Amino acid sequence: MRSCLLCGVGGQGTVLASRIIAAAAMERGLFARTAETIGMAQRGGCVVSHVRIGEQVPSPLIPPGQADALLGFEPGETVRNLKYLKPDGVVIVGNRAVQPVTAALAGMDYNAETMLDYLKSHVKTCIVLDTDEITRSCGSPKALNVALVGAMARSGVMGLDAKDIETAVRARVKPRFLDMNLKALQYGADCVRG
Amino acid sequence: MGNEAIAAGALAAGVSLVAGYPGTPSTEVLETVAKRKPDGVYVEWSVNEKAAMEVAAGAAYAGARSLVTMKQVGLNVASDPLMCVNYIGIKGGMVVFVADDPGPISSQTEQDTRHFGQYAKIPVFDASSPEEAFEMIQEAFDFSEEHGTPVIFRATTRVCHSCASIDVPVFKSPAPAEGFVKDSRWVIFPRLSFESKKRLEAREPKLAELFAAYKRNTVTGHGRIGIACGGVSYAYVMEAIAGREEEFTVFKVATPYPFPTKLAAEFLDGVETCLVIEELDSVLEDALTYMKGNLEIRKEIKGKRDGSVPCAGELSAEIVDGILEKLFGMPRRIQTPAFDDMPSIPVRPPVLCAGCPHRASFYAVKKAMAGKKAVFCGDIGCYTLGNAAPLDMVDTCLCMGAGITIAQGLNHADKASVNFAFVGDSTFFASGITGVVNAVYNQADMILIVLDNSTTAMTGHQPHPGIGRTMMGEVSAAVSIENVLKGIGLEFVRTVDPLDYTKSVEVIKEAAALKGVRAVIFKSPCIAIVKSGAPLAVDSAKCVGCAKCIRELGCPALSFSEKKAVIDETLCNGCGLCAKICPTGCIGREEA
């Protein structure tokens, strides 16, 4: 069984990303379970999606210390959820911070670099994606989720390859967004190369 | 998703009618039925859960299979028909789907629907996974029809909102219902209820006997430690005991009411000690304890009552693992990695979206009432988030529609303050109208603010009676909130666009100067259902860094950088509220 935790801020597209990973696993004939944050927290709060794939998956929630991969849509949330990662797990993170309103009000904005440095020094493999560059090259900030999944596929950490993921993306995104998402997949994969 | 599996199961069972009211985590069941139904299935978002329950009961009286969907607090609203319909019974299978919310993650209470089953004497099915839910709801329909009783199908968030791989058949149209056959059995009277009560009491042990043989109530393993569990707790237990199963005997309860006593007795008999793992209330634990007393079994039962299991909040495999260590000295299988010197991360509570018209409405009322004594009663919906700083515009929130009537109580107790009630459009229809009638009839002094964003936003944008479109996709007559209020007898009813800041403040001031029941409808669509406008930008040369926009609005698109306000163009949808309140006029449309 392999597990992937996705974390970010409500509205960033974690649910679609977790569905794509689960669908790709099903393409491979594996069983998949996911658990997602839906409801009030989606309004700009912390959101977490659990994806677990394998021959058998006992429960939908990943226990602490058992995620093979942590896909972070935002540096602060990634640090917040680091306890879920296995000691040798892989972190793939978008580098742009989304400041909570509470932080802006209190003048306590956190520094994305501090978070990324912490991740790099505490995680064996940390792949950082340039969120603004994804927005520029794919044409929308909404492409971040699929770029993270693309990087995850290339890293091989979930035992899924680019082809499985691409099939799942083609089946799950609306035709007019397909080009953007295929670009994002490729962008994410390229970040892992070398 | 579990909710999709439940919908698929209902369609596979030949359901003819589905009615419900949106509420997390139940909403997707009805939406999935609407999306995937074959011809001949009727589906509606009812005005509230009580209406939905009665619509479903009517269809079941006529012999059709019906499903009614709601969240746990929705069952409080529908409890009147629920308590009665069991006395009457049904002809077509009737399943009451209720989603419980341990945590609670998205609800006012952590109530446990299994109690409602016991209370109403209605059998309860409790699914432990999406794939089980898919099959179990089909069995629930058969059981309902066979025994002429409505049944409750209970699931919790981690079943409703978790996905699993399931093969779904092609759905066939349901067989036509026999139709309503007139009979005195359909009319509830004290005499009939007396007889029904006797029938229900006599039925309970018989159903318990049947459930003891139901294939989804299981006892597995031969270990000395017994664990009784049900619903998603079963999944957590199986994960926590993986690799050491020989130590355990697991009793999985799929039907908490009537409790499968016979199977439970066999389970208790075979173990040295018993632990009950369940979320919400101690329903299984109490049933086991009662049975233990009745059968004079001497076994220790550990659970919520003795504090072995947390009395509130969700469970997880990690928590179960910790309980096994604490009670039985078993080694931990799940270790939470420790991280030293972790940088502090600010909390991130949910907020109103950037550009949400509710922010503008709250801000206008706040400004209009500045320095005056006023109380702001809130209600259930996205706009509950208006309580957060810096708006701080929700002083009370209780349950659907309650803000309107709480404002009246406040007014009768304290005449000195101006009492506002904020209610969303969907909530207004669901349970707000009677409160307004009450206010007019009893001569309350209050201002009703209807936040009309043309959708049921919090639960994912469902249509409602004010929209003019049904869940079947048909155009229907839109019920006008303004006309409803005028019809009730309100003389002061104004509709304003909250993004027109000056006008909004003016209208609130005008309303505040009057007496009686006044209403202001702030009408502006939810930003999620309309195309976003062009983002605004801060002219940093002109920005003096006063941070008024940030301090007063709390918009997630606004932050402070190098002593200047900045707008995140990926979040801003150009509502323009910040530009209107900026004292230096430094916020404007970015040049194209």
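**View 1. Strand β3 of chain B, walled in on both faces.** Six bridges tie β3(B) to strand β4 (residues 94–100) of chain B, and the two run parallel. This is a predicted model, as are all the views that follow. One pair to look for is B:Ser66, which stands opposite B:Met94 in β4(B). β3(B) also pairs with strand β1 (residues 17–20) of chain B: four bridges join them, again in parallel. Here B:Gly20 has B:Thr69 in β3(B) as its bridge partner. So how many of the residues of strand β3 (residues 66–71) of chain B are buried? Six of the six are, so the strand is largely enclosed by the rest of the structure. Split by face, B:Ser66, B:Val68 and B:Met70 are buried on one side, and B:Leu67, B:Thr69 and B:Lys71 are buried on the other.

**View 2. B:Val33 and the residues around it.** B:Val33 sits in helix α2 (residues 28–36) of chain B. Is B:Val33 buried or exposed? It has 27 other C-beta atoms within 10 Å, so it counts as buried. Once neighbours within four places in sequence are set aside, B:Val33 is in contact with B:Ala7, B:Ala10, B:Leu11, B:Val18, B:Val41 and B:Val43. For a sense of scale along the chain, try B:Cys582: it is 549 residues away from B:Val33 in sequence, and their C-alpha atoms are separated by 48 Å.

**View 3. The open sheet of chain B with a helix packed on it.** Five strands line up in the order β8-β10-β9-β11-β12 (chain B), making an open sheet with mixed pairing. The edges are β8 (218–220) and β12 (301–302) of chain B, each of which pairs on one side only. Helix α10 (residues 233–241) of chain B packs on this sheet, where it touches β9 (225–229), β10 (248–252) and β11 of chain B. The direction of α10(B) makes about 150° with that of β9(B). Over at the β12(B) edge, two bridges join it to strand β11 (residues 273–277) of chain B, and the pair runs parallel. Look for B:Leu275, whose bridge partner in β12(B) is B:Lys302.

**View 4. Where chain B meets chain A.** On the chain B side, 47 residues are in contact with 48 residues of chain A. Which element gives the most to the side of chain B that touches chain A? That's α10(B), with four residues. Elements that each supply at least two residues to this side include β7 (162–164), α13 (317–328), α19 (548–553) and β19 (558–561) of chain B. By class, the chain B side has 31 nonpolar, eleven polar and five charged residues. There is strand pairing across the chains too: three bridges join strand β2 (residues 31–35) of chain A to β7(B), and these two run antiparallel. Within that pairing, A:Ala35 has B:Ser162 in β7(B) as its bridge partner.

**View 5. A helix pair in chain A.** Helix α7 (residues 162–172) and helix α8 (residues 175–192) of chain A pack at an angle of about 160°, with their axes 10 Å apart. Angles over 145 degrees count as roughly antiparallel, and therefore that's the label for α7(A) and α8(A). Their crossing is right-handed. From α7(A), the residues involved are A:Ala162, A:Ile165, A:Glu166, A:Val169 and A:Arg170, and they meet A:Leu178, A:Asn181, A:Leu182, A:Leu185 and A:Ala189 in α8(A). By class, the contact has seven nonpolar, one polar and two charged residues.

**View 6. Two cis peptide bonds in chain B.** The peptide bond from B:Thr24 to B:Pro25 is cis, with omega near 10°. B:Pro25 lies in the loop between β1 and α2 of chain B. Another cis peptide bond joins B:Tyr257 and B:Pro258, with omega about -15°. You'll find B:Pro258 in the loop between β10 and α11 (261–269) of chain B.

**View 7. Positive phi without glycine.** B:Asp392 is not a glycine, yet its phi is positive, about 50°. This residue is in the loop between β13 (374–377) and α15 (402–413) of chain B. With 13 C-beta neighbours inside 10 Å, B:Asp392 counts as partly exposed. B:Glu562 is not a glycine either, and has a positive phi of about 50°. It belongs to the loop between β19 and β20 (564–567) of chain B. B:Glu562 has 7 other C-beta atoms within 10 Å, so it is exposed.

Key: Residues are numbered from 1 along each chain as its sequence is written. Chains are lettered from A and ligands numbered from 1 in the order in which they are written. This is a predicted model: local features need pLDDT of at least 70, side-chain atom pairs count only at pLDDT 80 or more; totals for chains, interfaces and linings use all residues. Two strands pair if DSSP finds at least two bridges between them. Two residues are in contact if their C-beta atoms, placed from the backbone, lie within 7 Å. Axes are lines fitted to C-alpha atoms, for helices over the stretch in contact, and angles run from 0 to 180 degrees between N-to-C directions. Angles under 35 degrees count as roughly parallel, over 145 as roughly antiparallel, 65 to 115 as roughly perpendicular and the rest as oblique. A crossing is left-handed if the near helix is turned anticlockwise from the far one by less than a right angle, and right-handed if clockwise. Ala, Val, Leu, Ile, Met, Phe, Trp, Tyr, Cys and Pro count as nonpolar, Asp, Glu, Lys and Arg as charged, and the others, Gly among them, as polar. A residue is buried if 20 or more other C-beta atoms lie within 10 Å of its own, exposed if 12 or fewer, and partly exposed in between; C-beta atoms are placed from the backbone.
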